[in-house]
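Please look through the sequence and the model before reading on. The paragraphs that follow take up one topic at a time.

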Amino acid sequence: MSITEKENELFIKWSANRPGFVMDGVPDERAYQSSEPKIMFVMKEVEDPGGATGDHREFLRRGAGPQPWNHITRWVIGLRQLDEDIAWNLFEDVSVQHRSGTLRSICVMHLKKTPAGHGTHNPALE
C-alpha cells in the first residue's frame, strides 16, 4: 500500500466527525521517495482564514502561498545542500514554481487538522 493510500485510509476515519477536517501529509509520493534527506515539518495547525480546500497536499502541489512557505522552501534547499556554498541571494525571491517543486518533496503534518486564523485556542489544540 502506498503512502498516499495509507494517508487516505486514516483521513477517512479521522474526518468522520470533524467538520472542516484538512488532509495533510506527502503532496507527491514520487518526489518524496526520491528526495534525500526525507524532511517532515510538524506544524501546529492549518492556517487558512479564508477556508481550506480540505486537502493541504493539493495546496502544496500548487505552490502554496508565500508565508510561511517561502521560508520553508529555503530551509529545504539548505538542508538538502548542507555541504555546498549556496548563494542565498538566488533565493531572495521564491517563485510559485520553485515553491511547488520543492514542497512536493516534503511531508507536512498538522497537529490540529482544522483551519485556524493567526491565534491558537490551546484547549482545542490539546
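F91 has a relative accessibility of 12%, and it counts as buried because the limit for that class is under 20%. This value, like every other here, comes from a predicted model. The ring of F91 pairs with the ring of W88. W88 has a relative accessibility of 43% and so counts as partly exposed. A pair of aromatic rings is described by the distance of the centres and the angle of the planes. For W88 and F91 the centres are 5.6 Å apart and the planes make an angle of 55°, a tilted arrangement. The angle is classed as tilted because only planes over 60 degrees apart count as edge-to-face and only those under 30 as stacked. A search of the whole structure gives four aromatic pairs. Elsewhere, F11, W14 and F21 belong to one aromatic cluster.

The general layout comes next. The protein chain has six helices and two strands. Their order along the sequence is α-α-β-α-α-α-β-α. The chain has 126 residues, of which 37% count as buried. Its accessible surface is about 7800 Å², and carbon and sulfur atoms account for 53% of that. Many of the contacts reach across the sequence: among those between residues at least 6 apart, 79% join residues at least 24 apart.

Charged side chains give specific examples of such links. Seven salt bridges are found in a search of the whole structure. One of them joins R57 and E7, with 2.9 Å from N to O. R57 lies in helix α3 (residues 56–61) and E7 in helix α1 (residues 3–15), so the bridge connects distant parts of the chain, 50 residues apart. Both R57 and E7 are buried. R57 also forms a salt bridge with D55, where the closest N and O atoms are 2.9 Å apart. D55 is buried, as R57 is. Through shared partners, the salt bridges join E7, D55 and R57 into one network.

Another salt bridge is formed by D28 and R104, with 3.4 Å between the closest N and O atoms. This pair too links distant parts of the chain, 76 residues apart: D28 is in the loop between α1 and α2 (29–34), and R104 is in the loop between α5 (96–103) and β2 (107–116). What is the relative accessibility of D28? The value is 21%, and therefore D28 counts as partly exposed. R104, with a relative accessible area of 26%, is partly exposed as well.

Which residue of opposite charge has the nearest side chain to R99? R99 is in helix α5. The nearest side chain of opposite charge is that of D93, 9.4 Å away. A salt bridge needs the nitrogen and the carboxyl oxygen within 4 Å, so that distance is not enough, and R99 is buried without a salt bridge. The side chain of R99 does make a polar contact, at 2.8 Å, with the side chain of N70. Setting aside neighbours within four places in sequence, the residues in contact with R99 are G63, A64, G65, P66, W69, N70, T73 and V94.

R99 is one of the buried residues of α5, together with S100, T102 and L103. An α-helix has 3.6 residues a turn, so residues three or four places apart point the same way. The buried residues of α5 pack against α3 and α4 (66–80). Q97 is also in helix α5. With a relative accessible area of 62%, Q97 is classed as exposed, because the limit for that class is over 50%. Q97 and A64 are 33 residues apart in sequence, and their C-alpha atoms are 9.9 Å apart in space.

The last residue to look at is H56, in helix α3. Is H56 buried or exposed? Its relative accessibility is 7%, and so H56 counts as buried. Not counting residues up to four places away in sequence, H56 touches V22, M23, D24, V46, W69, V108 and H110. W69 appears in this list, and W69 is also among the contacts of R99.

Terms used
Residues are numbered from 1 along each chain as its sequence is written. This is a predicted model: local features need pLDDT of at least 70, side-chain atom pairs count only at pLDDT 80 or more; totals for chains, interfaces and linings use all residues. Side-chain values use heavy atoms; hydrogens and water are left out. Rings of Phe, Tyr and Trp (its six-membered ring) pair if their centres lie within 6.5 Å; planes under 30 degrees apart count as stacked, over 60 as edge-to-face and the rest as tilted. Buried means under 20% relative accessible area, exposed over 50%, partly exposed in between (1.4 Å probe, protein chains only). Helices (H or I, at least four residues) and strands (E, at least two) are DSSP runs, numbered from the N terminus. Lys and Arg count as positive and Asp and Glu as negative; His and the chain ends are not counted. A polar contact is a pair of N or O atoms within 3.5 Å; within protein, one must be able to donate a hydrogen and the other to accept it, and residues adjacent in sequence count only if both atoms are side-chain atoms. Contact means heavy atoms within 4.5 Å. Accessible areas come from the Shrake-Rupley method with a 1.4 Å probe; for residues, only the protein chains shown count as cover.
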